[in-house]
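Thank you all for making the time this morning. I would like to walk through one structure slowly, starting from a single side chain and working outwards to the chain as a whole.

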Amino acid sequence: MQSSERLSKRMAHLGLCSRREADGYIEQGWVKVNGQVAVLGQKVTPADRIELAPQARRSIGGKVTVLLHKPVGYVSAQAEKGYRPAAELIGADNYFSGSHNVPMPNLPLRSLAPAGRLDIDSTGLLVLTQDGRIAKKIIGENSSIDKEYLVRVSGNLSPEGLQLLNHGLSLDGEKLLPAQVTWQNRDQLRFILRQGKKRQIRRMCELVGLRVVGLKRVRIGKIRLGDLPQGKWRVLQEHERF
């Protein structure tokens, strides 16, 4: 006998949308299961056929994902301690058309939520999205997407300390997942992580006697910061995948 689960959860597992979005589409009558209009809370099995109405598909297709080069002094989510949220930079004045002169899209840019954090003292690639599927892919519990950082440090790092940065440290009473940490140059480390605890890299460095003096995220999955200037943003293109 096949196990059943809530329709919204099944839709999220299939990558159709987020669970919240699924509930909204079901409420609108935009989802059918085996040819019948679905209802909230309905259970389904993997054998059931799920169909989305054209309205739901248009809603999913019209969701925007933005890549921002966040400067120091902006928080990635809600404003705090008088600092401004990075989403305030998403406007016509800061749009980056790139070498191909891609025009700014004529799309609503409301309700952009950060997919992951980047602390107020750090710069680099920040993803803001209206698409729950992309957010889940980047920061979901089972996400396998890695993030790459260039980290300028002061202090002395022993070979044993470097080994601990790669694997062996704990934060908040929890062992950290293995990382890839190598020297980029004599005062800069390259970190590749698959998790994102609060101020994780700074705290890891403190544990081995280093102080972070500059931190920049340069990649999330397959998407690189590239030539995107600091304080500027662009839209994730259809051909780009994390």
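Let me begin at aspartate 119, whose side chain reaches the backbone nitrogen of aspartate 121 at 2.9 Å. Please keep in mind from the start that this is a predicted model. The side chain of aspartate 119 also makes a polar contact of 3.0 Å with the side chain of arginine 202. As for where this aspartate sits, aspartate 119 is found in the loop between strand 9, residues 113-114, and strand 10. Is aspartate 119 buried or exposed? Its relative accessibility is 17%, and because buried means under 20%, aspartate 119 counts as buried. If we set aside residues up to four places away in sequence, aspartate 119 touches Lys70, Tyr74, Arg199 and Arg202.

From there I would like to turn to the largest pocket, which holds about 860 Å³ of space. It is lined by 35 residues, and those closest to its centre are Arg117, Leu118, Gly196, Lys197 and Lys198. Four elements give two or more residues to that lining, namely helix 4 (132-139), strand 11 (147-154), helix 6 (200-207) and strand 16 (211-220). Among these, helix 6 gives the most, with 3 residues. Sorted by class, the lining of the largest pocket has 14 nonpolar, 9 polar and 12 charged residues.

Now to the interior. In soluble globular proteins, nonpolar side chains tend to be buried together. Here the largest nonpolar core has 34 residues, and the members that touch the most others are Leu68, Tyr149, Val151, Leu165, Leu189, Phe191 and Ile201. The elements giving two or more residues to this core are strand 6 (65-70), strand 10 (123-129), strand 11, strand 15 (188-193), helix 6, strand 16 and strand 18 (233-235). A second core, separate from that one, has 15 residues and includes Ala115, Ile145, Leu225 and Phe242. To take one member of the largest core, leucine 189 has contacts that include Tyr149, Val151, Leu165, Trp183 and Leu210, again leaving out residues up to four places away in sequence.

Which loop holds serine 143? Serine 143 lies in the loop between helix 4 and strand 11, and its side chain reaches the backbone oxygen of lysine 137 at 2.7 Å. That side chain of serine 143 also reaches the backbone nitrogen of isoleucine 145, at 3.3 Å. Beyond its neighbours within four places in sequence, serine 143 is in contact with Lys136, Lys137 and Ile138.

Lys136 appears again when we look at alanine 12, which touches Cys17, Ser18, Arg19 and Lys136, not counting residues up to four places away in sequence. Alanine 12 lies in helix 1, residues 7-13, and with a relative accessibility of 9% it counts as buried. The C-alpha atoms of alanine 12 and glycine 132 are separated by 8.9 Å, although the two residues are 120 residues apart along the chain.

Let me finish with the chain as a whole, which contains 6 helices and 18 strands. Its C-alpha trace spans about 65 × 50 × 35 Å along the principal axes, and 44% of its 242 residues count as buried. Finally, of the contacts between residues at least 6 apart in sequence, 65% join residues at least 24 apart.

Terms used
Residues numbered from 1 in each chain as written. Predicted model: local features only at pLDDT ≥ 70, side-chain atom pairs only at ≥ 80, totals over all residues. Heavy atoms only, no water. 1 Å grid on protein atoms, 1.4 Å probe; cavity = no way out; pocket = protein on both sides within 12 Å on 5 of 7 lines; lining within 4 Å. Points joined across faces, edges and corners; volume = space filled by probe spheres on them. Nonpolar A, V, L, I, M, F, W, Y, C, P; charged D, E, K, R; others polar. Core = buried A, V, L, I, M, F, W, Y, C linked by side-chain atoms within 4.5 Å. Buried < 20%, exposed > 50% of the residue type's maximum accessible area, 1.4 Å probe, protein only. Contact = heavy atoms within 4.5 Å. Polar contact = N/O pair within 3.5 Å; in protein donor to acceptor, adjacent residues only side chain to side chain.
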